[in-house]
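Trainee: Got a minute to walk me through this one? I'd like to start with the cysteines and then look for empty space inside.

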Amino acid sequence: MAKQVIFLMLTCLVLISPTEADYNVVRYGAKPDGATDATEAFLRAWKAACGSAQAATIYVPKGRYVLKAVEFRGPCKSRMTVKIDGTLVAPTDYWALGNSGYWILFRQVNKLTVVGGKLDAKGAGYWACKNSGRSCPPGARSITFNWANDIVLSGLTSINSQETHIVINSCNNAVVRNVKVIAPDQSPNTDGIHVQSSTGVTITGSTLQTGDDCISIGPGTTNLYMSHVKCGPGHGISIGSLARDATEDGVQNVTLTNAVFTGSDNGVRIKSWARPSTSFVRNVLFQNIVMTNVKNPIIIDQNYCPNNQGCPLQSSGAKISQVTYRNIRGTSATQNAVTFDCSGSTPCREIRLQDIHLTYMNRAATSSCKNIGGTSSGLLVPQSCL
């Protein structure tokens with residue numbers, strides 16, 4: 001009798017154990033064949049998991065799962081985990097993602113962790129459409145987190161996004177770690193990670209090879225910490241572009257440390273349009289960085305105007321101050337390795353250079369300064385123009 005009681009108790013424990021809160025998308029109808037649309041199956045699994053009273057895990061086994069544009073909406077009742085061992089594949093027809101602007105969207109989901117997996121957005125057809133000048137849809141960002149708090153994205157590989165690969169928008173306390181982003185160096189607007197209107201974001205241990213910015217930092221970003229990032233090819237790590245709008249939030253408390261740039265068009269860049277604006281950049285630290293054959297290792301550009309089209313031909317109102325460049329070394333692919341092109345109406349202030357060693361073709365590179373104030377210290381190659 002005692003053995004039967006123990007058996008029944010153990011059975012009850014198993015029935016209420018956390019493993020019972022696992023939701024395998026295959027059980028909800030998803031087929032890992034790379035051909036069958038699994039969007040509705042994923043949504044069914046999400047609805048069940050999101051409504052769970054205990055922590056829930058959505059599991060995506062090995063295989064290839066076709067997803068159309070899909071929104072996973074919260075709030076959910078408990079902590080959510082999405083564990084991906086397979087590959088999520090966009091439809092071959094780039095029009096299938098419609099005009100939504102996103103492919104995979106998590107919206108208002110707190111305490112969310114997305115682990116592992118691969119995203120294949122099949123962006124080449126869309127890029128060809130854009131380059132041809134034909135009428136094209138707006139393009140989709142591969143994975144986006146909107147209005148989400150306490151989120152973790154870990155171990156994901158994203159390839160060939162139509163537009164930006166990973167977006168953190170209006171989030172608090174987000175961690176992006178050990179992700180890999182891959183797109184050809186000529187693929188348009190395929191930023192690796194874009195952060196905007198968010199507070200407390202950490203990006204670590206990631207490799208970003210793109211056709212646009214490896215990391216782009218938009219208005220309203222506060223307390224962003226980036227470390228052990230590899231960038232290139234791509235357009236570097238950029239704050240901005242800012243001052244697109246007259247009334248715009250600023251960027252503050254940003255750190256990049258222990259980063260490597262290889263063959264990128266820029267290294268660390270701050271860019272703003274030449275327009276009046278309330279935007280600003282302050283309290284930024286770029287340190288312990290290695291540049292290898294980078295075209296513009298250190299650059300502030302307050303006359304940003306891509307392709308010289310529709311340039312405002314005004315003066316940027318974005319106030320840039322308290323930016324420190326420390327222990328940045330390596331090689332420049334252009335003779336001018338340090339460029340500070342600041343606003344005539346709102347000059348850059350409190351810019352600090354410390355221990356910079358950048359060469360061009362085995363010789364000291366050069367630097368240029370315009371409308372800037374600051375200090376220099378330590379070993380400085382090229383010679384400081386501050």
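**Cysteines and cavities**

Mentor: Let's begin with C342, which is buried with a relative accessible area of 2%. Buried means under 20% relative accessible area, exposed means over 50%, and partly exposed is in between, using a 1.4 Å probe and protein chains only.

Trainee: What should I know about the model before going on?

Mentor: It's a predicted model, where local features need pLDDT of at least 70 and side-chain atom pairs count only at pLDDT 80 or more, while totals for chains, interfaces and linings use all residues. Residues are numbered from 1 along each chain as its sequence is written, and side-chain values use heavy atoms, with hydrogens and water left out.

Trainee: Okay, which cysteine does C342 join to in a disulfide?

Mentor: C348, with an S to S distance of 2.0 Å. A disulfide here is a pair of cysteine sulfur atoms within 2.5 Å. C348 counts as buried too, at 0% relative accessibility.

Trainee: Is that link left-handed or right-handed?

Mentor: The link of C342 and C348 is left-handed, with -100 degrees about the S-S bond.

Trainee: How many disulfides does the structure hold?

Mentor: There are 6 disulfides. Counting bonded cysteines along the chain, the pattern is 1-2, 3-4, 5-6, 7-8, 9-10, 11-12.

Trainee: Show me another. What about C50 and C76?

Mentor: A disulfide joins those two, C50 and C76, with 2.1 Å from S to S. They sit in distant parts of the chain, 26 residues apart: C50 is in helix α2 (residues 39-50), and C76 is in the loop between β5 (70-73) and β6 (80-84). Helices (H or I, at least four residues) and strands (E, at least two) are DSSP runs numbered from the N terminus.

Trainee: Are C50's surroundings closed off, I mean is C50 buried or exposed?

Mentor: C50 counts as buried at 10% relative accessibility, and C76 counts as buried at 18%. Their link is left-handed, at -105 degrees about the S-S bond.

Trainee: Which link is right-handed?

Mentor: The link of C369 and C385 is right-handed, with 70 degrees about the S-S bond. The sulfur atoms of C369 and C385 are 1.9 Å apart. C369 is partly exposed at 28% relative accessibility, and C385 is partly exposed at 26%.

Trainee: And why no bond from C171 to C76?

Mentor: Because the sulfur of C171 is 14 Å from the closest cysteine sulfur, in C76, and that's too far for a bond. C171 is buried, with a relative accessible area of 0%.

Trainee: New topic: how many cavities of 30 Å³ or more are there?

Mentor: The count comes to 2. On a 1 Å grid over the protein atoms alone, a cavity is a set of points where a 1.4 Å probe fits but cannot get out, and lining residues have an atom within 4 Å of a point. Points are joined across faces, edges and corners, and a volume is the space filled by probe spheres set on them.

Trainee: What's in the lining of the largest cavity, by class?

Mentor: The largest cavity, with about 120 Å³ of space, has 13 nonpolar, no polar and no charged residues in its lining. Ala, Val, Leu, Ile, Met, Phe, Trp, Tyr, Cys and Pro count as nonpolar, Asp, Glu, Lys and Arg as charged, and the others, Gly among them, as polar.

Trainee: And the second largest cavity, how much space lies there?

Mentor: About 40 Å³. C385 turns up again here, in a lining that also includes V338, L353 and Q383.

Technical notes: 1 Å grid on protein atoms, 1.4 Å probe; cavity = no way out; pocket = protein on both sides within 12 Å on 5 of 7 lines; lining within 4 Å.
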